[in-house]
Amino acid sequence: MIFFNSFADKYKYNRMPQEQSDYIRTITFKERFKKFNVPLFKIPMLTIDIVKKYKEMIPDLETIGDIKRVLHELKKRRV
């Protein structure tokens, strides 16, 4: 939702209110785009921008708890 709202001005659509986040998770992407007036022709460029933003943030992500050990164990088991 944070990334979606960060591009609202650029693509001229309505922001998703934080207090509706539980509800928003229950509807499809198509319903979300319609509810927040995202023009269909802008969705491909919006998607590209959001993916770029995610990729920029990956180096700054911190692991949670013992997840590194769990992931290495799963890789070793080829799960």
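Me: Is K12 buried or exposed in this predicted model?
Reply: In this predicted model, K12 sits in the loop between helix 2 (8-11) and helix 3 (21-26). Its relative accessible area is 64%. Exposed means over 50%, so K12 is classed as exposed.

Me: What is the phi of K12?
Reply: K12 is a residue other than glycine, yet its phi is positive. The value is near 55 degrees.

Me: Which loop holds N37, a residue that has a positive phi although it is not a glycine?
Reply: The phi of N37 is about 60 degrees. At a relative accessible area of 45%, N37 is partly exposed. Its place is the loop between helix 4 (29-35) and helix 5 (43-57).

Me: How many salt bridges does the structure hold?
Reply: One of them joins the side chains of R15 and D9. Another is formed by E73 and K76. For the structure, the number of salt bridges is six.

Me: What is the N to O distance in the salt bridge of R15 and D9?
Reply: R15 is partly exposed at 43% relative accessibility, whereas D9 is exposed at 57%. A salt bridge requires the nitrogen to lie within 4 Å of the carboxyl oxygen. The side chains of R15 and D9 satisfy this with an N to O distance of 3.1 Å.

Me: How far apart along helix 6 are E73 and K76, in helical turns?
Reply: The two residues form a salt bridge whose closest N and O atoms are 3.5 Å apart. Both belong to helix 6 (residues 67-77), and they are three residues apart. Because of this spacing, E73 and K76 are separated by about one helical turn.

Me: What is the N to O distance in the salt bridge of R77 and E73?
Reply: R77 and E73 both lie in helix 6 and are four residues apart, about one turn of the helix. Their side chains meet in a salt bridge. The N to O distance is 2.9 Å.

Me: Which residues are linked with E73 in a network of salt bridges?
Reply: E73 forms a salt bridge with K76, and the side chains of R77 and E73 meet in another. E73 is partly exposed at 26% relative accessibility. K76 is exposed at 64%, and R77 is exposed at 58%. The residues linked with E73 in the network are K76 and R77.

Me: What is the volume of the largest pocket?
Reply: The lining of this pocket consists of 17 residues. By class, 12 are nonpolar, three polar and two charged. The volume of the largest pocket is about 360 Å³.

Me: Which lining residues are the closest to the centre of the largest pocket?
Reply: The pocket, with a volume of about 360 Å³, is lined by 17 residues. Those closest to its centre are M1, F4, M16, F29 and R32.

Me: Which element gives the largest share of the lining of the largest pocket?
Reply: The elements that give two or more residues to the lining of the largest pocket are helix 1 (2-6), helix 3, helix 4 and helix 5. The largest share amounts to five residues. It comes from helix 5.

Me: What is the area of the nonpolar surface patch made by I67, V70, L71 and L74?
Reply: One of the patch residues, L74, is found in helix 6. L74 has a relative accessible area of 34% and is therefore partly exposed. The patch has an area of about 290 Å².

Me: How far apart in space are N14 and L74, C-alpha to C-alpha?
Reply: N14 lies in the loop between helix 2 and helix 3 and is partly exposed, with a relative accessible area of 38%. L74 is found in helix 6. The two are 60 residues apart in sequence. Their C-alpha to C-alpha distance is 41 Å.

Me: Is S21 buried or exposed?
Reply: S21 is found in helix 3. Its relative accessible area is 10%. Since the limit for this class is under 20%, S21 is buried.

Me: How far apart in space are S21 and M1, C-alpha to C-alpha?
Reply: M1 is among the residues closest to the centre of the largest pocket. In sequence, S21 and M1 are 20 residues apart. Their C-alpha to C-alpha distance is 7.7 Å.

Note on methods:
Residues numbered from 1 in each chain as written. Predicted model: local features only at pLDDT ≥ 70, side-chain atom pairs only at ≥ 80, totals over all residues. Heavy atoms only, no water. Buried < 20%, exposed > 50% of the residue type's maximum accessible area, 1.4 Å probe, protein only. 1 Å grid on protein atoms, 1.4 Å probe; cavity = no way out; pocket = protein on both sides within 12 Å on 5 of 7 lines; lining within 4 Å. Points joined across faces, edges and corners; volume = space filled by probe spheres on them. Nonpolar A, V, L, I, M, F, W, Y, C, P; charged D, E, K, R; others polar. Patch = residues over 30% accessible without salt bridge, like charges linked within 9 Å, V, L, I, M, F, W, Y side chains within 5 Å. Areas by Shrake-Rupley, 256 points an atom, 1.4 Å probe, with all protein chains shown as cover.
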